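Please open the structure in your viewer and keep the sequence panel beside it, since this tour moves from one selection to the next.

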Amino acid sequence: MKESYIRFIQYVLGAAIVILILLHLSLFTSFIGPGYEEGLSWETVSQRMASPFYDMLYTLLLFALLTHGFIGIRNIIFEYVTNQRTRVIISWTIWIVYIILLIYGMLPIIS
Amino acid sequence: METVKKVTFRIKRWIPEEGKFRIDAFEIPVFRGMTVLEGLIYIKENLDSSLAFRRSCRMATCGICGIIINGKPMLACATQILHLNSDTITLEPLKNLPLVKDLVVDHTPFFEKQRLIKPYIIRQDEGEEYWNPTREYKQTPEEVEEYLQFSYCLTCALCYAACPTSGTNKNYLGPQALMNAYRFIADSRDEGVFIRLDIVDSPDGCWGCHLAGSCSDACPKGVDPALAIQLLRKKVIERDLGYLKTVKGTSLVSPLPHIEGAKRVEPPKFTIRGAKKKAQEILEKYFK
Amino acid sequence: MGFAKREKKYKSKYNMTGTLGWIGNLRMNMERYLYFLHRVTGIGLVLYLILHILVTSSRMYGEGAYEISHSIINNPIADIGLFFVMAGLIFHGVNGIRLILNEYGFLLGKPTKPVYPYRQVLKTRGPRYFILLMIIIGAILLLIVGYELLLVWVF
């Protein structure tokens, strides 16, 4: 995969995260949502996660955040590791951690 | 010259035999308009003749006297001591390059990276006309302005020393090489866009830049490598979206067409024996 | 490109700035500080994200596990930490918008003639006013965050 595609994904997801995070955080403000403490209580959360809109929102947000974050970490590591073979190994390690976290984060959304 | 004040030079010298730095302090008299390079020459003439530093033109044209002055990469010949407004001036060799001795660094990796991006005009219609030109390529003043700013580079490696990515990644092409890649891509005569974009499109190429802007801050000639790298990325994205054309279709024009029987001016003959053969060897090695 | 191998071959010592180069030389331009902060907040946010996923995933083990995991973070000290995470997040987002635009060549204009005094594109009005705009937006968002957290613990 060309490096420009990877960075394009990162930038597009970065822009998407700005919107998604604003939606996510507005749920915990007293202006729009129920407020910080109320928004975190068990009843509100289970009620919220029952609706398909929030399921979609949090699936997208999780995917976008993890992808964006791990591409960023990869870029920083690649500045220190110049060997091509080691870079491939690091890429695979990052992929594995990424997929594990993605699945683990998805479990409460699906269930 | 009338001495205005005394200034201490604290020089961080690289001692190759011991493999470590040593800081030496020299007190020098300063006259109005004295540059840091003149201060170094004063030290070499009067105080310590073993001090090694590089200089050639002493007027910011050759770009060899780049050193780190008070923590910022600058040309020693273009920096006046009194403008620095301090009694002690710290001098260090340039960062991110191999050390040789005292303030001298080896510019070889820097120049090799410039060579990697093929800093010459590539034509698709490469043939006899390309190697033995008889005519010129047509170019309007507007087309010249597209790349004129970037062709003022001195290859002084100040941007390379200032760049944070070059500080950790030895394979990173560096601001100068990437700027030079854009200089040739923006050139209306050049048709090697895709060749250069393939070289540049990597984490060690234009995507290693994170817009810290230090290269533009350090540049003594206002070349602005930071701008060039961002425009280069724009070209990469244009390529991905399929906007770019390889053949720009710049036509050839005859020199002085209004004069009958106008001839091409021959280049001067080589004065050293064997120089032509050597030049051809270098051409074949690097440019083919 | 074997520039790292070259070092071994010639036994030449590179004068690298290394990780300290993130903060850079003594005299820096504004974008260098933003670059440094963007990196540090980025790494911090990834660590926070992992923690966040682990904490919120306790929801799937039922109400009891959820209450336990949230009782750990439900104290003023954790919320001061959260305030700094939010500050980092807002900075990263606001600066990220600037980076996305600038790194694709927007807001930067065209190259000019190199006439003294030299112009640096990043120091011209466009990018600098954009930074100012982003600072204002970030400050407003941070005020809202601070207000919400104060609402819980003070008012």
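Begin by selecting Ile68(B), which stands opposite Glu92(B) in β5(B); strands here, like helices, are DSSP runs numbered from the N terminus, with at least two residues (E) for a strand and at least four (H or I) for a helix. This is a predicted model, in which local features need pLDDT of at least 70 and side-chain atom pairs count only at pLDDT 80 or more, while totals for chains, interfaces and linings use all residues. Residues are numbered from 1 along each chain as its sequence is written, and chains are lettered from A and ligands numbered from 1 in the order in which they are written.

**The strands around the starting point**

Extend the selection to β5 of chain B, residues 88-92, which runs antiparallel to β3(B) and is joined to it by 2 bridges; two strands are said to pair if DSSP finds at least two bridges between them. Now add β4(B), which is also antiparallel to β3(B) and is connected to it by 4 bridges. One of the residues to pick out here is Gly66(B), whose bridge partner in β4(B) is Leu75(B). Follow the chain from β3(B) to β4(B) and you pass through a hairpin with 2 residues between the strands, where Asn70(B) in the turn has a positive phi of about 50 degrees.

Which residues cover the two faces of β4(B)? Lys72(B) and Met74(B) lie on one side, Pro73(B) and Leu75(B) lie on the other, and all of them are buried. A residue counts as buried if 20 or more other C-beta atoms lie within 10 Å of its own, as exposed if 12 or fewer do, and as partly exposed in between, with C-beta atoms placed from the backbone.

**The whole sheet and the helix across it**

Select the 5 strands of chain B that form an open sheet with mixed pairing, and trace them in the order β2-β1-β5-β3-β4. The edge strands, each pairing on one side only, are β2 (20-31) and β4 of chain B. On average, neighbouring strands of this sheet are turned by 35 degrees against each other, direction ignored. Next, show helix α1 of chain B, residues 36-47, which lies across β1 (3-15), β2, β3 and β5 of chain B and runs at about 100 degrees to β2(B). Such axes are lines fitted to C-alpha atoms, for helices over the stretch in contact, and the angles run from 0 to 180 degrees between N-to-C directions.

**Two domains of chain B**

Colour chain B by domain, with residues 3-105 as domain 1 and residues 108-241 as domain 2; these bounds come from an automatic or database domain assignment. The centres of the two domains, taken over C-alpha atoms, are separated by 30 Å. Their contact takes 13 residues from domain 1 of chain B and 14 residues from domain 2 of chain B, two residues being in contact if their C-beta atoms, placed from the backbone, lie within 7 Å. On the domain 1 side, β3 (66-69) and β4 (72-75) of chain B each supply at least two residues, and β4(B) gives the largest share, with 4 residues. By class, this side of domain 1 has 8 nonpolar, 3 polar and 2 charged residues; Ala, Val, Leu, Ile, Met, Phe, Trp, Tyr, Cys and Pro count as nonpolar, Asp, Glu, Lys and Arg as charged, and the others, Gly among them, as polar.

**From chain B to its neighbours**

Show chain C next, where 38 residues are in contact with 44 residues of chain B. On the chain B side, α8 (214-218) and α9 (225-241) each supply at least two residues, and the largest share, 7 residues, comes from α9(B). The chain B residues that touch chain C divide into 18 nonpolar, 14 polar and 12 charged.

Then turn to chain A, where 9 residues are in contact with 13 residues of chain B. That side of chain B comprises 4 nonpolar, 6 polar and 3 charged residues.

**Chain A on its own**

Finally, isolate chain A, which has 5 helices and 0 strands. The radius of gyration of chain A, taken over C-alpha atoms, is 17 Å, well over the 13 Å that the globule rule (2.2 Å times the number of residues to the power 0.38) gives for 111 residues, so chain A is more spread out than a compact globule. Its C-alpha trace spans about 50 × 25 × 20 Å along the principal axes, and buried residues make up 19% of the 111 residues in chain A.
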